[in-house]
Amino acid sequence: MAEFFVELAENETGAHVVHFATCNSLPEATRLKYLGSIASYDAAHKKGKGLYHAIQPCPSCAGQYAGA
Ligand SMILES: [Zn+2]
């Protein structure tokens, strides 16, 4: 399990970026919505999709996705 956050604001492409809680480039807490403790990145992505129409993985913590 890992903890995930999604950014409240859209990025330049109109998507909401999903981060691991441990991401080095995680924005401040006021700019994030907590998604929960989730089994995999794919599951977190699906949960984000339920909130926002466009979801994007964070490029900074993308390297961790395979192990999550
Ligand atoms: Zn990230």
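This is a short chat about a predicted model of one protein.

Biologist: How are the residues numbered, and what pLDDT do local features need?
Modeller: Numbering starts from 1 along each chain as its sequence is written. The model is predicted, with local features needing pLDDT of at least 70 and side-chain atom pairs counting only at pLDDT 80 or more, while totals for chains, interfaces and linings use all residues.

Biologist: What does the secondary structure come to?
Modeller: One helix and four strands, in the pattern β-β-β-α-β along the sequence. Helices (H or I, at least four residues) and strands (E, at least two) are DSSP runs, numbered from the N terminus.

Biologist: In what order do the strands sit in the sheet?
Modeller: The order is β3-β1-β2-β4, in an open sheet with mixed pairing. Two strands pair if DSSP finds at least two bridges between them. β3 (32–38) and β4 (55–57) are at the edges with a single partner strand each, so one side of each has no neighbour in the sheet.

Biologist: Which way do β1 and β2 run, parallel or antiparallel?
Modeller: Antiparallel, joined by three bridges. Phe5 has His19 in β2 as its bridge partner.

Biologist: And β2 with β4, parallel or antiparallel?
Modeller: Those two run parallel, also with three bridges. Val18 is partnered by Pro57 in β4.

Biologist: Where does the helix go?
Modeller: Helix α1 (residues 41–51) lies across β1 (2–7), β2, β3 and β4, at about 140° to β3. Axes are lines fitted to C-alpha atoms, for helices over the stretch in contact, and angles run from 0 to 180 degrees between N-to-C directions.

Biologist: Which residues of α1 are buried?
Modeller: Tyr41, Ala44 and Gly48. Seen down the axis, the buried residues of α1 fall within an arc of 60°, so they line one face of the helix; the arc is that of the directions from the helix axis to the C-beta atoms. A residue is buried if 20 or more other C-beta atoms lie within 10 Å of its own, exposed if 12 or fewer, and partly exposed in between, with C-beta atoms placed from the backbone.

Biologist: What do those buried residues pack against?
Modeller: β1, β2, β3 and β4. Contact here is C-beta atoms, placed from the backbone, within 7 Å.

Biologist: Which residues are on the face turned away?
Modeller: Asp42, Lys46 and Gly50, which are exposed.

Biologist: Back to β2: how many of its residues are buried?
Modeller: Four of its five, so to speak of it as mostly covered is fair. Across the protein, buried residues make up 21% of the 68 residues.

Terms used: Contact = placed C-beta atoms within 7 Å.
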